[in-house]
Amino acid sequence: MRVLGDKTSTAAEKTRALKSALDALNPARTEGEAIARHNDVMRQVADSTKEAINQSEGFGAALLSQKLGIDTATKNGAALRQSLVDIVDATTDAAASGARFS
């Protein structure tokens, strides 16, 4: 709450502080939203696998790099990396809000 009353705090800092305060008042809402976001990300990834892959934009071993892991120089490599980042972020957020996955 100090951040909200601090004249030196930025608008972004005050917004984050207000959101944190509201989330603390209603943790069930936060957990539910985190689970919903996780489910949305998982559906988006599943939907993206239904489409035919343009192999000229990276496919199979071309998606991997010994140095970088996923080679993001190709369109498909960049999309794969972003899908994995989205899954990790959504899962981490859901777990941090108290969600349990069985």
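## Exercises on salt bridges and overall form

D47 and K50 are joined by a salt bridge, with 3.5 Å between the closest N and O atoms. The model is predicted.

**Exercise 1.** Classify D47 and K50 as buried, partly exposed or exposed.

*Solution.* Take the cut-offs first: buried is under 20% relative accessible area, exposed is over 50%, and partly exposed lies in between. D47 has 42% relative accessibility, so D47 is partly exposed. K50 has 67%, so K50 counts as exposed.

**Exercise 2.** How many salt bridges does a search of the whole structure find? Describe the one between R43 and D40.

*Solution.* The search finds two. In the R43–D40 bridge, the N to O distance is 2.3 Å. Next, place the partners: both lie in helix α3, residues 27–48. They sit three residues apart, about one turn of the helix. Then check exposure. R43 has 48% relative accessibility and is therefore partly exposed. D40, at 36%, also counts as partly exposed.

**Exercise 3.** Set the radius of gyration of the protein chain against that of a compact globule of 102 residues.

*Solution.* The globule would have a radius near 13 Å. The protein chain has 19 Å. Now add the dimensions: the C-alpha trace spans about 55 × 35 × 20 Å along its principal axes. Finally, turn to burial: 15% of the 102 residues count as buried.

**Exercise 4.** In what order do helices and strands follow along the sequence?

*Solution.* Count the elements: four helices and two strands. Read along the sequence, the pattern is α-α-α-β-β-α.

Terms used:
Residues numbered from 1 in each chain as written. Predicted model: local features only at pLDDT ≥ 70, side-chain atom pairs only at ≥ 80, totals over all residues. Heavy atoms only, no water. Rg over C-alpha atoms; globule rule 2.2 N^0.38 Å. Buried < 20%, exposed > 50% of the residue type's maximum accessible area, 1.4 Å probe, protein only. Salt bridge = Lys/Arg side-chain N within 4 Å of Asp/Glu carboxyl O.
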